[in-house]
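Welcome! Have a look at the model below, and then work through the exercises at your own pace.

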Amino acid sequence: MLIKRPDEFKVSEITPEAVFLNRREFMAAGGVAAAGLAVGRLDGWTVGHEPSNRLSAQPSQQDDPQTPFQAVTTYNNFYEFGTDKSEPAKNAGTLKPRPWTVKVEGMAAKPGDYNIEDILKWFPAKEYVYRHRCVEAWSMVIPWYGFPLRDFINRFEPSPKAKFVEFTTLMDPKQMPGQRDLVLDWPYVEGLRMDEAMNPLTLFAVGIYQKPLLNQNGAPIRLVIPWKYGFKGIKSIVKVRFVETQPLNTWQLAAPSEYSFYANVNPAVDHPRWSQARERRVGEFLKRPTLPFNGFGEQVAAMYKGMDPRTLY
Amino acid sequence: MTRSQFIRFVAEPAVFAAALVPAGLIAWQGFHGGLGAEPIREIQLRTGWWALTFLMITLCVTPLRRIPGWNDVIKLRRMLGLFAFFYAMLHFSNYIGIDQFFAWSEITKDILKRPWITVGFVAVTLLVPLAATSNGFMIRKLGRRWGALHRLVYVSGALGVLHFLWLVKKDTREPITFAFILVGLLALRLRRRAPKSAKPRTEGATPREPATASG
């Protein structure tokens, strides 16, 4: 499977959805024959052919159609490129996802600056098709390419004292013009409890729809936590820090009554300004019910045993 | 062509056509996939924005008559006000019939529980009696009370801006711009009224307005 490097990729090359779907069917057919040749390598992009990575707790939703590429790459909340959801696709051309360094800091045996090319070599990316539920009550189904965050974490050997992981987005108003407006306290910061970060569902995504991440989707590396609201999925990460105390994430800092640290998808706890009971899947007319933990309860609910779900909004 | 002919045969049709452009554009883009990934939300945002914009334009009429003295714009006011109502109704119907698809229990909960929706609902509701009494018959029938009733437009405008302000997640620049415009338009009215009350009922330099023209 060929994944192009970002500098080879142009918007004009976007495969129309119909062609893309045909190609998938073709590849699925070929995949049977190719079983055993699971990993291909190209210029530092290591990609596994494992469509069986579709993870879902609700079998009925397992075959949810994927949201069209066009929607996934033009409807984005990425305030670093503007607050309107159409703006990141228009403005994110200024972001330079190469060269890129991810700093690993804090309570770990192997802190340091790591080149994105090395990271891509160390951690083979596979396809994960996840539902994506925004706190604004819309949702998508997205084929990510990535690797479990826990593989990344294990490599840097955090100390047992580290209880949380904190992530930081690039801070550079030249590349991210939205940072000139003080709508949020830049740079964007997110965090996870260590057990959440180590959950096998939690990903570092580096690709989408069999391409490297587009800038507006958080190139070159971003977080994906499918049972949490989308804003936890911090984009264009430059720093990973192992810490003892719970990080203060950007949206919690901005509006603590509306966004907390946990942000677990929960239809029973409304956002103060709208209901979270239903969501509109992008491309559909009628709203559908939202599932607790976005349908991933079996894999994650145990982590929150004994906690008051009302504090996990 | 006389002034009144110009208004009647040029200005009025031109304003009418221009005011339909946003709705036409929404419809055209809607049928051609031009409203983005969430067309229903896009329609909601745009119709709301135009309802507020037409309210503001309507509120410009009185200052334009008083300050540069463009008295004739009064002839466009009813149409502009009705377009504000038209876009507010599109906004409201899109919410009820498309976004919520008549899920009455959800709608009731929204209106009762969520202050930003409550104020939006009140803002739209207040426009109904104004639209209903905008015809010549009702103007004559209500007489002086017509002017008093139509001052509700200020309340509706203020609630509409508040609705927008409370809706946005973080970037408040646009609703705050609307708020400044509204406050400015209201301030222009106060400034001009003050001297009048100091000298009541003089044979003034400015002709006294008929009751129907207040606002």
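Rings of Phe, Tyr and Trp (its six-membered ring) form a pair if their centres lie within 6.5 Å; planes under 30 degrees apart count as stacked, over 60 as edge-to-face and the rest as tilted. This is a predicted model, in which local features need pLDDT of at least 70 and side-chain atom pairs count only at pLDDT 80 or more, while totals for chains, interfaces and linings use all residues. Residues are numbered from 1 along each chain as its sequence is written, chains are lettered from A in the order in which they are written, and side-chain values use heavy atoms, leaving out hydrogens and water.

**Exercise 1. Find a cluster of rings in chain B, then describe two aromatic pairs.**

Step 1. Begin with the cluster: ring pairs link B:Phe16, B:Trp49, B:Trp50, B:Phe54, B:Phe83, B:Phe86, B:Tyr87, B:Phe164 and B:Phe178.

Step 2. Now count over all chains: there are 35 aromatic pairs. One of them is A:Tyr75 with A:Trp138, which is edge-to-face because the planes stand at 70°, with the centres 5.1 Å apart. This pair links distant parts of the chain, 63 residues apart: A:Tyr75 is in the loop between α2 (69-72) and α3 (87-91) of chain A, and A:Trp138 is in strand β6 (residues 138-148). Here helices (H or I, at least four residues) and strands (E, at least two) are DSSP runs, numbered from the N terminus.

Step 3. Check the surroundings: A:Tyr75 and A:Trp138 are both buried. Buried means under 20% relative accessible area, exposed over 50%, and partly exposed in between (1.4 Å probe, protein chains only).

Step 4. Compare with B:Phe92 and B:Phe121, a tilted pair at 6.0 Å centre to centre and 45° between the planes. B:Phe92 sits in helix α4 of chain B and B:Phe121 in helix α6 (residues 115-132), 29 residues apart. B:Phe92 is partly exposed at 25%, and B:Phe121 is partly exposed at 31%.

**Exercise 2. Which chains does the salt bridge between A:Arg280 and B:Asp99 join?**

Step 1. Recall the rule: a salt bridge is a side-chain nitrogen of Lys or Arg within 4 Å of a carboxyl oxygen of Asp or Glu. The count over all chains is 23 salt bridges.

Step 2. Look at the pair: A:Arg280 and B:Asp99 meet with N to O at 2.9 Å. A:Arg280 lies in strand β13 (residues 278-281) of chain A and B:Asp99 in helix α4 (residues 74-99) of chain B, so the pair joins two chains. Both residues, A:Arg280 and B:Asp99, are buried.

Step 3. Try a pair inside chain B: the closest N and O atoms of B:Asp110 and B:Arg114 are 2.7 Å apart, forming a salt bridge. B:Asp110 is buried at 5% relative accessible area, and B:Arg114 is buried at 1%.

Step 4. Finish with a network in chain A, where salt bridges that share partners join A:Asp64, A:Arg133, A:Glu279, A:Arg281, A:Glu284 and A:Arg288.

**Exercise 3. Are α2(B) and α4(B) roughly parallel or roughly antiparallel?**

Step 1. Take the geometry: helix α2 (residues 39-59) of chain B packs with α4(B) at an angle of about 160°, their axes 8 Å apart. Axes are lines fitted to C-alpha atoms, for helices over the stretch in contact, and angles run from 0 to 180 degrees between N-to-C directions.

Step 2. Apply the cut-offs: α2(B) is therefore roughly antiparallel to α4(B) (under 35 degrees is roughly parallel, over 145 roughly antiparallel, 65 to 115 roughly perpendicular and the rest oblique).
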